[in-house]
Amino acid sequence: MWMLILTELMIFLSLIGSYFYVRAGEASWPPPGIEAPPLGRIVVFTFVLLGSSVPMWWAERAARAGRMGGVQAGLALAWAMGAVFFANQVVEFRHLGFGPRDTVYGSLFYAITGLHGAHLVVGLVMNGVAQVKAALGKFDGGRHLTVDVVSLYWHFVDAVWILVFSTVYLSPHLLR
Amino acid sequence: MTTTLEPAGQAEPAEEQVEVVWHDAPGLVGFLTSVDHKRIGMRYISTAFVFFFLAGVQALVMRVQLAGPNESVLSPRTYNELFTMHGTSMIFLFNTPVLAGFGNYLLPLQLGTRDMAFPRLNAFSYWVFALAGTFMYLGEFIGRAPDAGWFAYVPLSARAFSPGVNLDFWGLGVIFVGVSTTVGAVNFIVTIFKMRAPGMSLSRMPVFSWSILVMAFMVLFAVPALTVGTALLEADRLFGTAFYDPSRGGDVLLYQHLFWFWGHPEVYILLVPAMGMISMIVPTFARARLAGYVWVVTSLVGIGFVSFGLWVHHMFATGIPPQALGFFSAASMTISIPSGTLIFAWIATLWRGSVRWSTPLLFCLGFASIFVMGGITGVMVAALPFDLQAHDTYFVVAHFHYVLVGGVVFPIFAGLYFWLPKMTGRLLSEGLGTWSFWTMFTGFHLGFFPQHILGLMGMPRRVYTYDAGLGWDTLNLLSTIGGFLFGLGTLLTVVNIVRSRKRGAPAGPNPWEADSLEWSVPSPAPHYNFLTVPVVDGRHPLWSVPAGGASGALQRATPLTAGLEAEPEPEIMEVPEETYVPFLTAVGLAIVVVGLLVEQAVVGVVGLVVALAALGVWLWRTDGDLQ
């Protein structure tokens, strides 16, 4: 799993590198006529997403201690927080004043956030499988590999959001 | 499954009992479901060789067209398709997977374990490769082969200039085959870190296994850039995004950066395992220990690092700032230091030993001489002023064929002659092998040496014909003759292999008196590899005392070890039974790719459902395996 995360991280870095590479060649960024994405709402939801690592961490600890109730509650809460974040992204995309086909700025914005969204969906599916397994009593104090793997991946998706957020949301405001 | 290791030195289990536990279905069912790393490895090798011969035929047809001035065997369009598919096949569908095949077959045997860390993932990786290769060739069969060169630069490869579906076969196929390479790399790394035989510390690991480790890490860092580069290209082509469209602020050079950030390390992703093979074969036939084991391993790792600082040297002619060019030019020359170290280590090994001549060694020496010449022209094109002259001429074509054919294909043939007896249990004929080598060696130089001169005379690459009276005629004709001679040489090896299946002498466990663990088991290796897992006490296990050790053979399981010193862990790993799941997951992905190609969302969704369902079953069954 660590190896997979390493190579996934390289995908994100390649895209983020592309973002700054293209940006370096542009006179104004975002291009004229496009507003940088507003920060207010996304900051709140960023805390929701990053916060979801906490219940995930509970679930992991509960699994190690063999408390199956804690595992289920932690996974479910993390799932809900991830889903709320995802829903907000979908809603927000409708309100942005640019699409992926207008300019390279839009293409990059949607490629990076979209890739993160796809990872989040994979995380939600994996989390779901783990919840079903937990409900059917497939784990105990010694058998909880699925929880560990899901949790590791979940933390990765959260952590990489910090990079994505800094790039596509913060950087147009900070670096002018 | 938590089971404690039995103490070392227990009695060996009976072979018949073990055979029952490690059954592997025969026939078509076995073909689709096997998770045995040896079957998968051999399948990788044979599938890759199919693509090798397809690429060879394409090359020869091109050489016929170029044999004389103003020939009209091929239309310009067909010529473009042929050189695109030739390059694509050789890089993506032959060199990379054939080395993965050797890695798959040999790694568990060299490490003294019974399978890869993720056997089903291994099967999946093979199926993705086979389906991706088939997918890329679909275009050829329906007369719409990709035609923008094997690196498909934008804007030529953009929708506006390549309107047909041709390029989509290439772009989607490259992304698809990248999945296989990445998954394979993860598997190699985990296998090396978790499954070495007890006592095989990293400093005792065979050099070939080391080279696979370096290669796998390079893949993890490099392939994502290719995936992103081609995914953005396909997004532009299929969904109308603007990544490479300057009229909407996009940047065509971005594609070249992303492509070569993978593309240059890729050369070393191929070279490093090839050099690993050489480092196993040379000491065996020199009958001496490899000179400077630590230096050799350090050089391989060094090549891995430096290769990431070179990519811009493919782009010297694109108008990049001179400071950057200076840096990349210097870095490009630096790589000759670790490469040179390796060459001297092999020479020193031969010098110290008492050499026994045989076909694998011949191919090693052929490799070394050709590769050194490719290295010298490499230093030449790394020098900026020279590169600006030679760029996009036949000089570059000659250079990279010296590096890739000399540096990778020759070692692969050496590896075939060396390890095939282990895989089939039959020795190849030395006589035919020697003939094959000299035909290939002569044909190679006759084919490619004149191309250096042609390049210096100004012949550009990728032209489908040329005028008479430029002084290029004789050299081109020689090159064509050489190409056919080389092809004949490879066919001699095929004849040799086919002949050996019936008439080859039995190989026995260790025909070459080599030192690594794969030679301690019968040839062909049994499904379970090792009846008792060996305990390793040095770099040359078979040249010191053979040792018996921990088992697990009767539980279809293999021990796990941890840390640099490979200390046994209290738990063992169960090796999964045969399963259709990896095949079905790969088929699902293939359907997704076809859906993107024909731009039908329904097909894509069907593929996604198949893949996810298969993946669900896979995850569901996982907890029992690795605990």
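User: In what order do the elements of chain A run from the N terminus on?

Analyst: They run α-α-α-α-α-α. The model is predicted, and its chain A has six helices and zero strands. Along the principal axes, the C-alpha atoms of chain A fill a box of roughly 60 × 30 × 25 Å. Of the 176 residues in chain A, 37% are buried.

User: What share of the contacts in chain A between residues at least 6 apart in sequence join residues at least 24 apart?

Analyst: The share is 79%.

User: What makes a residue of chain B count as part of the side that touches chain A, and how many residues of each chain are in contact?

Analyst: The test is a C-beta to C-beta distance within 7 Å. By that test, 30 residues of chain B are in contact with 27 residues of chain A. Helices H6 (166–194), H7 (207–239), H8 (252–286) and H18 (601–620) of chain B each give two or more residues to this side. The largest share, eight residues, comes from H7(B). By class, the chain B side has 16 nonpolar, eleven polar and three charged residues.

User: Why is H3(B) called roughly antiparallel to H4(B)?

Analyst: The axes of H3(B), residues 37–66, and H4(B), residues 76–111, cross at roughly 155° and come within 7 Å. Angles over 145 degrees count as roughly antiparallel, so H3(B) is roughly antiparallel to H4(B). The crossing is left-handed. The contact of these two helices has 25 nonpolar, nine polar and one charged residues.

User: How do the axes of H5(B) and H17(B) cross, and which residues meet there?

Analyst: The axes of H5(B), residues 119–141, and H17(B), residues 581–598, come within 8 Å and cross at roughly 35°. H5(B) passes H17(B) in a right-handed crossing. From H5(B), the residues that meet H17(B) include B:Phe124, B:Trp127 and B:Leu131. On the H17(B) side, B:Phe583, B:Leu589 and B:Val593 are among them. The contact divides into 13 nonpolar, one polar and one charged residues.

User: How do you know that the span of H17(B) agrees with its number of residues?

Analyst: At 1.5 Å a residue, the 18 residues of H17(B) should span 26 Å, and the end C-alpha atoms are 26 Å apart, so the two agree. Buried residues in H17(B) include B:Leu584, B:Val592, B:Leu596 and B:Leu597. What covers the buried residues of H17(B) includes H2 (27–33), H5, H6, H7 and H18 of chain B.

User: Why is B:Glu599 called partly exposed, and B:Asn529 buried?

Analyst: A residue is buried if 20 or more other C-beta atoms lie within 10 Å of its own, and exposed if 12 or fewer do. B:Glu599 has 13, so it falls in between and is partly exposed. B:Asn529 has 24, so it is buried.

User: What makes the backbone at these two residues worth listing?

Analyst: Most residues other than glycine have a negative phi. Phi of B:Glu599 is near 55°, in the loop between H17 and H18 of chain B. Phi of B:Asn529 is near 65°, in the loop between H16 and S1 of chain B.

User: How do you know which peptide bonds ending at B:Pro155 and B:Pro524 are cis or trans?

Analyst: Omega gives the answer. Between B:Val154 and B:Pro155 omega is about 0°, a cis bond. From B:Ser523 to B:Pro524 omega is near -10°, and that bond is cis. B:Pro155 lies in the loop between H5 and H6 of chain B. B:Pro524 lies in the loop between H16 (473–503) and S1 (557–562) of chain B.

Conventions: Residues are numbered from 1 along each chain as its sequence is written. Chains are lettered from A and ligands numbered from 1 in the order in which they are written. This is a predicted model: local features need pLDDT of at least 70, side-chain atom pairs count only at pLDDT 80 or more; totals for chains, interfaces and linings use all residues. Two residues are in contact if their C-beta atoms, placed from the backbone, lie within 7 Å. Helices (H or I, at least four residues) and strands (E, at least two) are DSSP runs, numbered from the N terminus. Ala, Val, Leu, Ile, Met, Phe, Trp, Tyr, Cys and Pro count as nonpolar, Asp, Glu, Lys and Arg as charged, and the others, Gly among them, as polar. Axes are lines fitted to C-alpha atoms, for helices over the stretch in contact, and angles run from 0 to 180 degrees between N-to-C directions. Angles under 35 degrees count as roughly parallel, over 145 as roughly antiparallel, 65 to 115 as roughly perpendicular and the rest as oblique. A crossing is left-handed if the near helix is turned anticlockwise from the far one by less than a right angle, and right-handed if clockwise. The expected span of a helix is 1.5 Å times one less than its number of residues.
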